[in-house]
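Trainee: Before we discuss any packing, may I have the model in front of us and ask how each label is earned?

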Amino acid sequence: MKTFKMRWLFVIFVALTMIAAACGGNDDDSDAGSGEPAAPATQAPAAPDEPEPEPEPEETAPQPEEPEATVEAPEEEEPEFQPAPTAEPEPEIELTATWRGVTADTITIGVSYLDIDFLVEIGRYPTSWGDQELVIRALADDINNRGGINGRRVEVVIDKYNPVLATEAEAACLRLTEDNEVFAVLFGFLGPAEVANVCIVDQQETILVGGTITQDRLALARAPWVNERADREVASRALLTLLNDDGELQGRSIAVVADLSAASQLEEVADLVRGFGVEPVLVVATSSPVADLVAQNQEWAALSERIRVAGADTLLVVGNPSAAIENSALYGLDVDIWTADASGLNNLGSNVDPETARGAISATSMTDSQVFESDPRFKECLDAFNAAHPDIEVKNPSNLEEGDMDWFTGIFGHCRFFQIFEMLATAAGPNLTNETFAQAIENAGEFSIASQPYASFGPGKYSSNDSFQLVAYDPDVGTVGETVPIGPMRDATP
């Protein structure tokens, strides 16, 4: 019996020893994998009533001494990306004289302006545009106050010309280009004097921003030439496209009449009409100079009868519309008048009764009232002038009263030329020459200037305007009437 009891106690002791070995253990994994044999399970325990002898420590393989704890620097993690080394700033280009009119410090430009007071005196225009020299200097000063053009200040040489006399315009060309050796001319010459633009770009090889571009004159140019208009082909196509979109072309009997200045483009515009499926009933050009009112009226006496006999109900005018409007009323023609020359429609002259132009249709960029009231790019120029001359009130052209000075037209007229020149001269870079300016024109793409939310230059495109809306002349707006929108603005960018 005693023997059985002792065996039972022995079995229980061995089981407890094995459970303790399985559940306990050392957190040091090196001991668990040392391969040392476990204590033999057959070793008999001491009698339960006697204290167990302390077990002899087992011999184990000598362990390497752990090094003293040291504070190690955290291991640097590899960055997710290696930033590119900071490039050394490029050395600033030292400005030097690069072309006639361009020094290390300045760009000298010529600015011509139309002697509007002469036209007022002879009754061809209702009111003065104010002192245009104040406008020109304010716009140049604004560029300089903003840092100039690529670090160079703009200096202006100003010259007035008579728009009726080409010889005076040619003299102004020589004063600007030869006497003052300007880098570029802004505004150029308009009206009968516009033939003098060739003096600038051909004989004098000087950049021109302004004037009226024709293909014949452009072929003579030996210097870059751009303007703020749409050429006649673009403007005529835009007008006909908008009218066609509104269903106004089909069923019309259209007489296409060009004035002397636009005679070379008569057939081109007639072909545009044919392209919309309408055959003109008459295609003819007049031969009287724009300024010769007597000769124009005599020629129109016969022409108006030809238009009546042809059965025309619509007169499509190529060039300035003043003579067509005046003589259509004078000789009793019952026709609608369309013209791509919106500026001519807005400047009919005092010999034309505004009432006779009522309802005449054109296609143009923003009207004067739209420009004054809502155009942010015109506001830049207006703010520059107001800052320089806070004592001068610039009125909305639609709110002018008799005797008021039309400062708006003078500011607006020069604003676009300065904006175009600043944009292109800046793009041409520090090495400012005729060649780099020409490259800037070719690469300009789309932009905006006063009155033109859509504008562009590029290879073969040297007139900026791509903004068109249908407008109709209303003699009740402003002092002498002006065009008002009758359709939405559209982008005619090629």
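**Helix contacts and a cavity**

Mentor: Leu134, Val135, Ala138, Leu139 and Asp142 in H4 meet Cys381, Ala384, Phe385 and Ala388 in H14, where contact means heavy atoms within 4.5 Å. These residues divide into 8 nonpolar, no polar and 1 charged, with Ala, Val, Leu, Ile, Met, Phe, Trp, Tyr, Cys and Pro counted as nonpolar, Asp, Glu, Lys and Arg as charged, and the others, Gly among them, as polar. The model is predicted, and local features need pLDDT of at least 70, side-chain atom pairs pLDDT 80 or more, while totals for chains, interfaces and linings use all residues. Residues are numbered from 1 along each chain as its sequence is written, and side-chain values use heavy atoms, without hydrogens or water.

Trainee: Why are H4 and H14 called roughly perpendicular to each other?

Mentor: The axes of H4 (residues 132–145) and H14 (residues 376–388) come within 9 Å and cross at roughly 105°. Angles of 65 to 115 degrees count as roughly perpendicular, and H4 and H14 therefore earn that name.

Trainee: How do you know which way H4 passes H15?

Mentor: The axes of H4 and H15 (residues 407–428) come within 9 Å and cross at roughly 35°, and the crossing of H4 with H15 is right-handed, a word used when the near helix is turned clockwise from the far one by less than a right angle. Residues on the H4 side include Gln132, Ile136 and Ile143, and those on the H15 side include His414, Phe418 and Glu422. By class, this contact of H4 with H15 has 10 nonpolar, 3 polar and 1 charged residues.

Trainee: At what angle do H14 and H15 pack?

Mentor: H14 and H15 pack at an angle of about 115°, with their axes 9 Å apart, and that makes H14 roughly perpendicular to H15. Phe378, Leu382 and Phe385 are among the H14 residues in the contact, and Phe408, Ile411 and Phe412 are among those of H15. The classes here are 9 nonpolar, 1 polar and 2 charged.

Trainee: What makes a space count as a cavity?

Mentor: On a 1 Å grid over the protein atoms alone, a 1.4 Å probe must fit but be unable to get out. By this rule there is 1 cavity of 30 Å³ or more, and the largest cavity has a volume of about 100 Å³. Its lining includes Asp259, Trp300 and Asn320, and strand S6 (254–258), helix H10 (293–309) and helix H11 (322–330) each give two or more residues to the lining. That lining has 6 nonpolar, 4 polar and 1 charged residues.

How values were computed
Axes are lines fitted to C-alpha atoms, for helices over the stretch in contact, and angles run from 0 to 180 degrees between N-to-C directions. Helices (H or I, at least four residues) and strands (E, at least two) are DSSP runs, numbered from the N terminus. Angles under 35 degrees count as roughly parallel, over 145 as roughly antiparallel, 65 to 115 as roughly perpendicular and the rest as oblique. On a 1 Å grid over the protein atoms alone, a cavity is a set of points where a 1.4 Å probe fits but cannot get out, and a pocket is an open set with protein on both sides within 12 Å along at least five of seven lines; lining residues have an atom within 4 Å of a point. Grid points are joined across faces, edges and corners, and a volume is the space filled by probe spheres set on the points.
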